[in-house]
Every structure is written in structure tokens, then in C-alpha cells.
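Here are a few short exercises to work through with the model open in your viewer. Try each one yourself before reading the solution.

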Amino acid sequence: MQIAKVQESLARKALYQPNTRFENLFNLVAHPYWLWVATESILQSSGANMPGIDAITKENIKADTHDYAKALSAELKAGTYKPQPVKRAFIPKADAQLRPLGMPVIRDRVVQEAIKMVLEPILESRFLNCSTGFRPGRRVMDAIHLIEYFASNKTKMWWVVEGEIKDCFDDTPHSKLLGVLEQYVKDKKLLKLLTSFLGAGLVEKGKMTVPNRGVLQSGVLSTLLLNAYLHEMDKVWWSRYGGLSEGQKTYRRSKGLGNVQLVRHADNFVVLTNGDKEFAHQLYEEFAEILRRLGLELLEEGTHVVHLNDGFGFLGFHLQRVYSAMSNKNMVLVKPTQRSIDKFKEAIRAITSRETVGGDYPTKSGP
């Protein structure tokens, strides 16, 4: 089996037959070779030595990954496979708050990787270019460059709604998420498997809970599922504003109406408009309502309406429209936020760990 060719076929079908709901995907996920490739991928990941609740790491598996994959395949095909609860832990964030992480057992990570290998080509073919977070070949700077382009002197999108979705990973409703996935997947066995992962439960400080919301961060499938869910917001923007022809956009401007662009990086986004301040505030309420329909809400302290002349922070950068004497015109100045600079310095100090004399020069080590 040539996995890359299968994935290319899935992606092409999803792209050129956008109404297709895919069947027979479970058979790919449960194929021994597919699972073997998934096993090798998980064992090479940075978290392979971090065990779930069963205390198993890659050292217990790496001796014979072929047999391991065959055994998993047999369980899946027999219908006896059952995900284990996820071990939950918390790590500190830059703002001194705690970020929840979920650590599934390795065998569940392998099956999730196999599912991702099937779903990602399909979903990536449907996602819009306004989405840049946790996607193959895309990064933070793609989002920044989009904002720079939309905020140019040509498009004049200078009013901005800087948005952040509150507890997005934790609050995504399972029932609505599965409803979204059913738009793409018709295979009942795969949907049942996805449901079993969402309902596997959490173990925290020895106590077991089974929430009906959330895709915990650090899970193999988490960011893909989150993007699939938030694609529903992207689609609403596209249907109202993004998919307009140039003629329709020109007509809106002739009537004094603003056009709208969206840039989303996972659960952080900006909405830009060449309308006025009042229209920007209307967009704030509009996108808040879109999220409410998805069972989510905006983080009030992380969401603002600002003019680009005043500047705003996004994904670790500060963006502001300033006058450039060199070019004799206004431009968007992009620079790291002070918090990003401080984090970078801390990372450098952690890597180098050099002792200094008088705080100025590194000490000489060795003979």
C-alpha cells in the first residue's frame, strides 16, 4: 500500500467533489501497514517517552512494531478495541495561568495517528486559506503576512476586531463536533471510533471524569478536530463576505459598506474591515453570535476593536500602521511583543546556562 497515493486520492476527491461524504475509511485505519506507519511516527515523536495511565513508553514497543501494529489491527477489526482514559496534567503558561494537557496511552496515540492520516487530506482540501494554525505547511508568519496585505494602502482595512475564543479546546461540544464531522464522513465505524475517543474520559489526581465537551491540547487529533469545528465559523464568514466577487465588493464600498477579511490561527483570529468604527463593532457582535451558535464564546479580555494606527498584539507580534519616511507612505510595522522577547531570552539562557563573572563575561572553563 502506497499511503501517499491513497492520501492524494482522498484529497483530490474532497477538493473536486465537495459534497462527498467518505465511506470505507475505517478499513484504511485498521490496515496493519497503515497502523505500522502510524506506530513508527508516534514512536519518533517527542512525547514517545511520556506514558499515559498504563505507564508504557516506546521502550516497551520498539522491539517489534510490525507485530504491535498487527495486534492493534486485529482488535480494531474484531470490534474489541477500546480507548483508555486520558491522563490529564497542567503546565504553566506565559501569563502564569495553567494550560491543561491530555496524555493518551501510546496505543491510543497510534490509532489517532492512523485516523489523522485518513482525515487530514480530506479536511485540508475543504479548509479555507484564512486558517493558518496547526496546518501542514502553514505557520504564524502566514497569518501575519495576510494581515499586512489586507491592511495595505490599497485595501485600507484599518479597523480590526482582535479576537480570542474562550477555553476553545476545553469547551468544544462533542455532539456538535461529531455533527460537523458527519458532513465529511459517512463511515459509521470510523464515526463510532471517533466517538469512543471523545468519550474515553479523563484521569486527574486519581479521579475519573467523562466530560461531554473538549478536545484536550497535545492530543494527536486535537488540533485537526478543532480546525474542523472552527471551519464552521470560517464558512459563515466566506458566505457573507469572503466569497464576494470584486464587483460585489466594489458595490458595497459605493454604498458606504465595509468589506471584511478573516485571519484565524486556531482559536485566535482577527477580522479586518475597510468600514468604519461602528461597522467594526457590529462585526464584533456578529462573530460573537457565530461562536455562540457553535457553543463557544469570545474571551472578553482578549477581544478588542482597535484601529491599526493604535496597534494590536497577535500571535506574539505587535502590528501597527506607521509613517515611513524612507518610502514616504504609511506601512504596517511588525515587531515581536515584549513578552515574546522575554520568552526568547529565557529560552536562550536555558540553552546556554553560562555562568558569568561580574555579570558581563562568561567564565573560562576547562584547563
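Before you start: this is a predicted model, so local features need pLDDT of at least 70 and side-chain atom pairs count only at pLDDT 80 or more, while totals for chains, interfaces and linings use all residues. Residues are numbered from 1 along each chain as its sequence is written, and side-chain values use heavy atoms, with hydrogens and water left out.

**Exercise 1.** Work out which salt bridges Arg88 forms, and where the partners sit.

Step 1: get the rule straight. A salt bridge is a side-chain nitrogen of Lys or Arg within 4 Å of a carboxyl oxygen of Asp or Glu. That rule gives 12 salt bridges.

Step 2: take the Asp partner. Arg88 and Asp170 form a salt bridge, at 3.5 Å from N to O. Arg88 belongs to strand 1 (residues 86–92) and Asp170 to helix 7 (residues 168–171), so this pair ties together parts 82 residues apart in sequence. Helices (H or I, at least four residues) and strands (E, at least two) are DSSP runs, numbered from the N terminus.

Step 3: take the Glu partner. Arg88 also has a salt bridge to Glu204, with the closest N and O atoms 3.9 Å apart. Here strand 1 is linked to strand 4 (residues 202–204), and the two residues are 116 apart.

Step 4: check accessibility, where buried means under 20% relative accessible area, exposed over 50%, and partly exposed in between (1.4 Å probe, protein chains only). Arg88 is buried at 19%, whereas Asp170 is partly exposed at 26% and Glu204 is partly exposed at 29%.

**Exercise 2.** Now try a salt bridge within one helix: place Glu289 and Arg293.

Step 1: the closest N and O atoms of Glu289 and Arg293 are 3.3 Å apart, in a salt bridge.

Step 2: both residues are in helix 12 (residues 277–293), four residues apart, or about one turn of the helix.

Step 3: Glu289 is partly exposed at 30% relative accessibility, while Arg293 is exposed at 55%.

Step 4: back to the earlier trio. Arg88, Asp170 and Glu204 are joined into one network by salt bridges that share partners.

**Exercise 3.** Lay out the open sheet of four strands and find its edges.

Step 1: the strand order is 6-7-3-8, with antiparallel pairing; two strands pair if DSSP finds at least two bridges between them.

Step 2: strand 6 (260–265) and strand 8 (304–307) are at the edges, each with a single partner strand, so one side of each has no neighbour in the sheet.

Step 3: the twist averages 20° from one strand to the next. Axes are lines fitted to C-alpha atoms, for helices over the stretch in contact (heavy atoms within 4.5 Å), and angles run from 0 to 180 degrees between N-to-C directions.

Step 4: zoom in on strand 3 (residues 159–164) and strand 7 (residues 268–273), an antiparallel pair with six bridges. Glu164 is opposite Asn268 in strand 7.

Step 5: add the helix. Helix 10 (residues 222–242) lies across strand 6 and strand 7, at about 170° to strand 6.
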